[in-house]
Amino acid sequence: MPASTRHHRALAVFVHCLGILAAVPALPAAAPEAAATPRPPAATPQPTAAPPRSTAAPPPGATPRPSAALPSAEASTTGTPGPAATRPPVAMVARVTEPTPPSAPPAMAPPSRAPASAPPQQVTVAVAPENSPAPRYRIQVRNVGNAPVETTVRQELPPGSSPTAISGGGRSTRAGGSATEVTWRLRLPAHSSTTLGTALAATAPGQPLTAPACAFTSDGTRPYDCATATWKAAAAPAAEVTEAPPWRRYPVLLAGLAVLLLISAAVVWVWRRRRGRRVTAAALADSGGPGGGRGTIYPRPATPVPTRRRRTPPVWLLVGAAVAVLAGVVGTAGWTATRQVSQIDTQKQPTSGAWMGTGVAGPVGVPLRESAFEFTVYRMSCGAPGSAGKTDGGAAPANGRRCQATVGVRNVTGDHQPWHGQLQRAYLPGGRWVSTDEPATRAANLGRDVFADPMAAGARMVLPLVFTVDGRDPPQQLELRSGVFSAGVRVQMP
């Protein structure tokens with residue numbers, strides 16, 4: 001065979017072997033545990049016919065064969081008189097289960113934290129002002145639960161006011177500083193309600209007064225619900241409101257001055273015109289000579305024309321017009337500046353383009369709305385100096401104390417909104433401020449972290465916020481906000 005033919009055949013055989021190897025499926029590899037463990041024989045001899053049992057002794061030379069299918073009690077030395085058909089042992093190959101590939105990620109992202117919903121309220125409060133000459137309020141407390149409830153109702157009175165009438169056995173106490181509150185202790189049966197009332201004597205008659213009220217637990221620490229109302233004096237009739245007389249209004253005075261100037265200018269112009277006509281007539285009358293106007297053969301000399309001076313207004317007229325114009329300009333500027341200054345609201349906080357919304361300020365009990373939340377501060381109470389470390393044992397100043405604010409929060413947006421405890425601040429005298437004491441706030445809310453979950457859309461919660469302050473002076477102002485870039489609200493403490 002030629003050498004070239006041998007080479008071609010060897011190459012064809014090699015390629016054919018490669019094709020066979022590629023066509024044969026890959027066998028699963030045995031597990032190392034299965035390969036290392038010795039395989040026990042799985043052959044089970046099964047007789048085709050069960051021979052009758054006999055108690056006779058086996059013949060000599062016959063060896064009894066135990067059956068693996070029989071129980072151990074029957075695997076005794078019993079002989080078989082005839083030959084038994086047996087199956088050859090079959091080797092069992094261990095199957096190796098291939099690892100399951102990881103499942104694909106879900107098509108949708110896992111949902112975020114569920115928004116926090118307010119716990120069901122067992123006691124509700126509603127406050128309404130009465131239409132009376134003096135400030136009067138009507139408070140309705142309702143137990144919506146299935147069990148009797150003992151509650152403490154507190155109404156915060158505006159600064160400078162004092163109660164004149166209290167119904168339902170309430171009593172007036174000094175809450176600290178200049179604030180006064182009225183307290184009731186009630187026991188409400190299941191599904192019952194009661195109505196309380198207060199009448200106040202205000203220091204400034206006719207001024208709107210806001211008096212919030214809250215229902216607390218029997219120990220007076222945790223609020224059930226709060227409400228607020230503002231009493232306003234009856235508006236004066238429209239007939240009694242009189243405007244300033246016309247001669248005291250700036251536009252009327254300016255218009256009259258302008259008309260006077262125009263009339264004066266017209267009179268001066270007419271007088272000057274008539275005077276000029278008289279001078280011209282007198283000059284024409286003197287131009288006739290003794291000849292009676294008869295002609296001569298020589299031309300008459302031309303009559304000299306009198307030179308006329310340029311007409312200039314008198315000095316007194318110029319000075320008067322300048323004084324009138326100056327008075328009009330000064331009056332108009334003063335009137336405009338007075339109107340613009342009176343429209344400036346000094347209570348608004350300055351804002352810049354980086355803030356969301358406009359800063360709002362107000363007193364206790366008035367709902368104040370910012371970009372996402374509506375905050376209402378119902379009351380503020382502070383403990384004794386040095387009692388800050390008695391609640392949770394946290395680090396606190398030696399003379400520190402806890403100040404607990406009862407705050408109502410409502411989500412006014414269409415989506416759930418988070419809020420953070422570090423953004424809620426209490427301002428002390430001198431410009432110092434402290435953030436919310438989150439461990440103490442969690443303890444005041446019975447271990448519930450009110451800042452952990454976002455608030456659901458339209459939800460409302462009434463909860464205590466605790467601030468740890470040092471010194472004897474209580475906070476002068478609370479700053480509450482929903483986010484870092486929110487303008488927030490500022491509540492003035494009484």
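This report walks through the disulfides, salt bridges, surface patches and a few long-range contacts of one predicted model.

Residues are numbered from 1 along each chain as its sequence is written. Because the model is predicted, local features need pLDDT of at least 70 and side-chain atom pairs count only at pLDDT 80 or more, while totals for chains, interfaces and linings use all residues; side-chain values use heavy atoms, with hydrogens and water left out.

## Disulfides

Let us start with the cysteines. A disulfide is a covalent bond between the sulfur atoms of two cysteines. Here a disulfide is taken as a pair of cysteine sulfur atoms within 2.5 Å, and a search of the whole structure turns up two of them.

One disulfide is formed by C214 and C226, with sulfur atoms 2.0 Å apart. It links distant parts of the chain, with C214 in strand β9 (residues 213–216) and C226 in strand β10 (residues 223–227), twelve residues apart. Strands and helices are DSSP runs numbered from the N terminus (strands: E, at least two residues; helices: H or I, at least four). The link of C214 and C226 is right-handed, with 115 degrees about the S-S bond.

How well covered are these cysteines? Three classes of relative accessible area are used: buried means under 20%, exposed means over 50%, and partly exposed lies in between (1.4 Å probe, protein chains only). C214 has a relative accessibility of 1% and so counts as buried. C226 is buried too, with a relative accessible area of 2%.

The other disulfide joins C382 to C403, with 2.1 Å from S to S. C382 lies in strand β14 (residues 373–382) and C403 in strand β15 (residues 400–411), so this pair ties together parts that are 21 residues apart in sequence. The torsion about the S-S bond of C382 and C403 is about 110 degrees, so this disulfide is right-handed. As for cover, C382 counts as partly exposed at 27% relative accessibility, whereas C403 counts as buried at 0%. With the bonded cysteines of the protein chain numbered in sequence order, the pairing reads 1-2, 3-4.

## Salt bridges

Next come the charged pairs. A salt bridge is a side-chain nitrogen of Lys or Arg within 4 Å of a carboxyl oxygen of Asp or Glu. The whole structure holds 13 salt bridges, including those in this table.

| Salt bridge | N to O distance |
|---|---|
| E130 and R136 | 3.3 Å |
| R369 and E374 | 3.3 Å |
| R442 and D449 | 3.9 Å |

In the pair of R442 and D449, R442 counts as partly exposed at 31% relative accessibility, and D449 is partly exposed with a relative accessible area of 30%. Salt bridges that share partners also join E130, R136 and R138 into one network. Within that network, E130 is partly exposed with a relative accessible area of 28%, and R136 counts as partly exposed at 34% relative accessibility. E374, the partner of R369, counts as buried at 17% relative accessibility.

## Surface patches

Which residues form a positive surface patch? The patch is made by R273, R274, R277 and R278. Patches consist of residues with over 30% relative accessible area and no salt bridge, with like charges joined within 9 Å and nonpolar side chains (Val, Leu, Ile, Met, Phe, Trp, Tyr) joined within 5 Å. Lys and Arg count as positive and Asp and Glu as negative, while His and the chain ends are not counted; the place of a charge is NZ of Lys, CZ of Arg, CG of Asp or CD of Glu. Within this patch, R273 sits in helix α3 (residues 250–286) and is partly exposed, with a relative accessible area of 40%.

A nonpolar patch on the surface is formed by L11, F14, V15, L18 and L21, which together have about 530 Å² of accessible area. Accessible areas come from the Shrake-Rupley method with a 1.4 Å probe, and for residues only the protein chains shown count as cover. One member, L18, belongs to helix α1 (residues 3–23) and counts as partly exposed at 45% relative accessibility.

## Contacts across the sequence

Finally, two pairs of C-alpha atoms. E156 is part of strand β3 (residues 149–157) and counts as buried at 8% relative accessibility. The C-alpha atoms of E156 and M380 are 9.5 Å apart, and these residues are separated by 224 residues along the chain.

E438 lies in helix α5 (residues 438–444) and counts as partly exposed at 25% relative accessibility. Between the C-alpha atoms of E438 and F467 there are 8.5 Å, with 29 residues separating the two along the chain.
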